[in-house]
Amino acid sequence: MPAALSSFTIFQPENPLRNALGIFILTTLFYFIGAELRLVEALSLFWPLNGVMAGVFARYAYLNRLRYYAVSYVAMLLYDAVTTSWGVASLVINLSNMVFIVTVALLVVRDKRLLKGRPDPINALRLFNYCLVAAVLCALLGAFGSVGIDSQTFWPLFADWFSEQFSTGVLIVPCMLTVKMPGNETLERLRLDKMLPVLALIVSVGASVVIGGAGSLAFPLPALIWCAVRYSLPATCLLTFVTGAVEIVLVANSIINIAVAAPLSTPMMFSARLGIATMAICPVMVSVSVAAINSLIKQVSLRADFDFLTHVYSRSGLYEALKQEEGHRHSRFLTVMLLDIDYFKSINDNYGHECGDKVLATFAQQVRNVVGEDGLVARMGGEECAVVVNAGDSHQGFELAERIRTSIASHPFVWRDRTLFLTVSIGLGSGKAESRQLTEVFNRLMAEADDYLYRSKKAGRNRTTARLADDLLVAEPERGA
């Protein structure tokens, strides 16, 4: 996707005039759409305006200002002034629209601030409740304002207002909060097998038309849940919105006949809308749950495989990496190094554990820099690290270990106003490993490396010890260094 397109948005925090114009245009556009779908004077079959504007104000928190709400309200009044003769009733009816918009927007913004935008199944349930509360408040005011311009009494009007606001809110607000403009890479990934849930959704709506009856409204639910499992949260919200909107239109036009022997009436519409709204929240909650589970799995996997402090492999992560290497069908010569920072306890005792943590993290990254892409580095516990490399022979492994040792000895570790120099003791184990015996050979070489690490420490530390062929080789610092 071109950068200009991906970053395009109607609203900008630093441009109040542009924001006000955008709100005015969106309000007028969706008021027009809703007005074209009117069933009676003040009531529409499908009223997208409130859900769209609530989603806009909730998505862009900087729009939650009285002046921007006022712009939206004025746009509604101007549209009514040009197209209707409602007079003073227009003030009350459009105020009811603003009650829905402001209620949902403020509650969602509050949740986003408290939960910091994390995917949470409870968020979807909260959104369902917020639309319910906002629809009740909107219906009370809207029905009161509509009594004077319609022949119906208050309670039938309240039922229509409530069911319409609730259903469209549940369908539209999640869509407005999540949907993004697709990129070219998204379009390229669309394949027939990935479109099967959408095809199932189309077939299920078709079945609703053919079979009819009140239960037919729930036919798309399994397909929507399939979509929730297979697709992202934004895609699920969009498909749910489209399905719900289509069903409402089909029911209103008796294309989906939920009352076999009777014409569509207001109580039936009330039931249809509430049933669709209840259905709509299910796939959204499933999708949010899947997103939360996937996020949790990634976090748990990351924490299990990598050491939080040093950002190198953990002990379990190293074993997982070795298991993945076992799938490669070739033998190799493996060198395992065990490294231990000399006198690390004195650093914690003299400078504190915060300094010790900083030293450990810097030490691990310094080792990682020397090893590069040629091997695996892991923290095995405390100040002990392991390095696993595919070496041509034991001499190459020994040379790499010496580069690590001399690099650590010459690297200054800065802590506040002090400069510390560390040394490290290293033990090596080397041997040939078949692909399917990699973990088993690693364990044997690890025990060998641990033995030679002990010898390095016993011989005075700051040295590398290994057995090359039949000779025990010890590399130690030059005298006077």
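The following exchange asks how several descriptions of this predicted model are justified.

Me: What makes up the chain, and how much of the chain is buried?

Reply: The chain holds 17 helices and eight strands. Of its 481 residues, 45% are buried. Among contacts between residues at least 6 apart in sequence, 70% join residues at least 24 apart.

Me: How do you know which parts of this predicted model carry high or low confidence?

Reply: The mean pLDDT of the chain is 83, and 84% of the residues reach 70 or more. Among the elements, helix α4 (residues 66-83) has the highest mean pLDDT, 95, and helix α1 (residues 3-6) the lowest, 36. Over residues 1-8 the pLDDT stays under 50, and the model has eight contacts beyond four places in sequence for them. Residues 261-265 also have a pLDDT below 50, with seven contacts in the model beyond near neighbours in sequence.

Me: Why is α10 called roughly antiparallel to α11?

Reply: Helix α10 (residues 221-230) and helix α11 (residues 233-252) pack at an angle of about 160°, and their axes are 9 Å apart. An angle over 145 degrees counts as roughly antiparallel, so α10 is roughly antiparallel to α11. The crossing of α10 past α11 is right-handed.

Me: Which residues form the contact of α10 with α11?

Reply: From α10, L224, C227 and A228 take part, and they meet T236, L239, T240 and T243 of α11. By class, this contact has four nonpolar, three polar and no charged residues.

Me: What makes α14 oblique to α15?

Reply: Helix α14 (residues 344-351) and helix α15 (residues 353-371) pack at about 140°, with axes 7 Å apart. Roughly antiparallel requires an angle over 145 degrees, and roughly perpendicular covers 65 to 115. The angle fits neither class, and therefore α14 is oblique to α15. In this pair, F344, I347, N348 and Y351 of α14 meet H353, C355, G356, V359 and L360 of α15. The contact has six nonpolar, three polar and no charged residues.

Me: How do you know whether A58 is buried or exposed?

Reply: A58 belongs to helix α3 (residues 48-59). Buried means under 20% relative accessible area; A58 has 0%, so A58 is buried. Not counting residues up to four places away in sequence, A58 touches A105, V108, V109, K112 and L177. The C-alpha atoms of A58 and D111 are separated by 10.0 Å, although these residues are 53 apart along the chain.

Me: Why is S394 called buried?

Reply: The relative accessible area of S394 is 12%, so S394 falls under the 20% limit and is buried. S394 lies in helix α16 (residues 394-410). Beyond four places in sequence, S394 touches F333, S430 and L468.

Me: What is the phi of S254, and what makes S254 partly exposed?

Reply: Most residues other than glycine have a negative phi. Phi of S254 is near 60°, a positive value in a residue other than glycine. S254 is placed in the loop between α11 and α12 (266-305). Its relative accessibility is 43%, which lies between 20% and 50%, so S254 counts as partly exposed.

Me: Where is N462, and why does N462 count as buried?

Reply: N462 is in the loop between α17 (438-458) and β7 (464-468). N462 is not a glycine, yet has a positive phi of about 55°. At 12% relative accessibility, N462 is under the 20% limit and therefore counts as buried.

Notes: Residues are numbered from 1 along each chain as its sequence is written. This is a predicted model: local features need pLDDT of at least 70, side-chain atom pairs count only at pLDDT 80 or more; totals for chains, interfaces and linings use all residues. Side-chain values use heavy atoms; hydrogens and water are left out. Axes are lines fitted to C-alpha atoms, for helices over the stretch in contact, and angles run from 0 to 180 degrees between N-to-C directions. Helices (H or I, at least four residues) and strands (E, at least two) are DSSP runs, numbered from the N terminus. Angles under 35 degrees count as roughly parallel, over 145 as roughly antiparallel, 65 to 115 as roughly perpendicular and the rest as oblique. A crossing is left-handed if the near helix is turned anticlockwise from the far one by less than a right angle, and right-handed if clockwise. Contact means heavy atoms within 4.5 Å. Ala, Val, Leu, Ile, Met, Phe, Trp, Tyr, Cys and Pro count as nonpolar, Asp, Glu, Lys and Arg as charged, and the others, Gly among them, as polar. pLDDT is the predictor's confidence in each residue, from 0 to 100. Buried means under 20% relative accessible area, exposed over 50%, partly exposed in between (1.4 Å probe, protein chains only).
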